[in-house]
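Work through these exercises with the model open. Try each task before reading its solution.

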Amino acid sequence: MKLLILLLLASPAVAQQVTPNFTQGSMQSNTTTTVEIERTIATEIYGGDYTSWSGTNVTPSGDISNSETTYSVTTAGEQFVLEIVERAAGVIETIDTVENITQSTTTTSLSVFSQ
């Protein structure tokens, strides 16, 4: 019974009408994004073992791959050249490349509206 009385006493809900105050308009948005990347590329070049002998006016006493081999001038008093290159297997060169990359992106959005 009390519920019925409360329902009868309640006033009806009233909504007000909303009227926009504009007739047309626009909105522009600019977004800028910047990305900076710094990277280092490390490169190692590997090679096998290498031994080479070259020369002029020199004579080896034996096999050039033997560490006991000696070299003597063939014609005394003449110019001579002797080049021996020995390299163990492994890393023969290391290259570090540093890159700095900067990228900038701008996005523009335009919205136009009217009533």
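The exercises below go from the whole chain to single residues.

This is a predicted model, where local features need pLDDT of at least 70, side-chain atom pairs count only at pLDDT 80 or more, and totals for chains, interfaces and linings use all residues. Residues are numbered from 1 along each chain as its sequence is written, and side-chain values use heavy atoms, with hydrogens and water left out.

**Exercise 1. List the elements and find where confidence is lowest and highest.**

Step 1. Helices (H or I, at least four residues) and strands (E, at least two) are DSSP runs, numbered from the N terminus. The protein has 1 helix and 6 strands. Their order from the N terminus is α-β-β-β-β-β-β.

Step 2. Turn to pLDDT, the predictor's confidence in each residue, from 0 to 100. The average is 86, and 86% of the residues score at least 70.

Step 3. Helix α1 (residues 2-9) has the lowest confidence, with a mean of 58. Strand β6 (residues 90-114) has the highest, at 94.

**Exercise 2. Determine what share of the residues is buried.**

Step 1. Buried means under 20% relative accessible area, exposed over 50%, partly exposed in between (1.4 Å probe, protein chains only).

Step 2. Of the 115 residues in the protein, 3% are buried.

**Exercise 3. Find the salt bridge and place its two residues.**

Step 1. Look for a side-chain nitrogen of Lys or Arg within 4 Å of a carboxyl oxygen of Asp or Glu. This rule gives 1 salt bridge.

Step 2. The partners are R39 and E99, with their closest N and O atoms 2.6 Å apart. The pair links distant parts of the chain: R39 sits in strand β1 and E99 in strand β6, 60 residues apart.

Step 3. Check the cover. R39 counts as partly exposed because its relative accessibility is 41%. E99 is also partly exposed, at 26%.

**Exercise 4. Describe the surroundings of T97 and Q103.**

Step 1. T97 is in strand β6. Q103 lies in strand β6 too.

Step 2. Contact means heavy atoms within 4.5 Å. Skip neighbours within four places in sequence: T97 then contacts R39, T40 and I41. With residues up to four places away left out, Q103 touches T33, T34 and V35.

Step 3. Compare sequence with space. T97 and A42 are 55 residues apart in sequence, yet 6.5 Å apart C-alpha to C-alpha. For Q103 and T33, the values are 70 residues and 8.2 Å.

Step 4. Widen the view. Among contacts with a separation of 6 or more, 77% join residues 24 or more positions apart.

**Exercise 5. Decide whether T69 is buried or exposed, then find its polar partners.**

Step 1. T69 is in the loop between β3 (58-60) and β4 (71-73).

Step 2. Its relative accessible area is 12%, so T69 is buried.

Step 3. A polar contact is a pair of N or O atoms within 3.5 Å; within protein, one must be able to donate a hydrogen and the other to accept it, and residues adjacent in sequence count only if both atoms are side-chain atoms. The T69 side chain reaches the backbone oxygen of D63 at 2.4 Å. A polar atom of that side chain also lies 3.1 Å from the backbone oxygen of N66.

Step 4. Beyond four places in sequence, T69 touches P60, S61, G62, D63 and I64.
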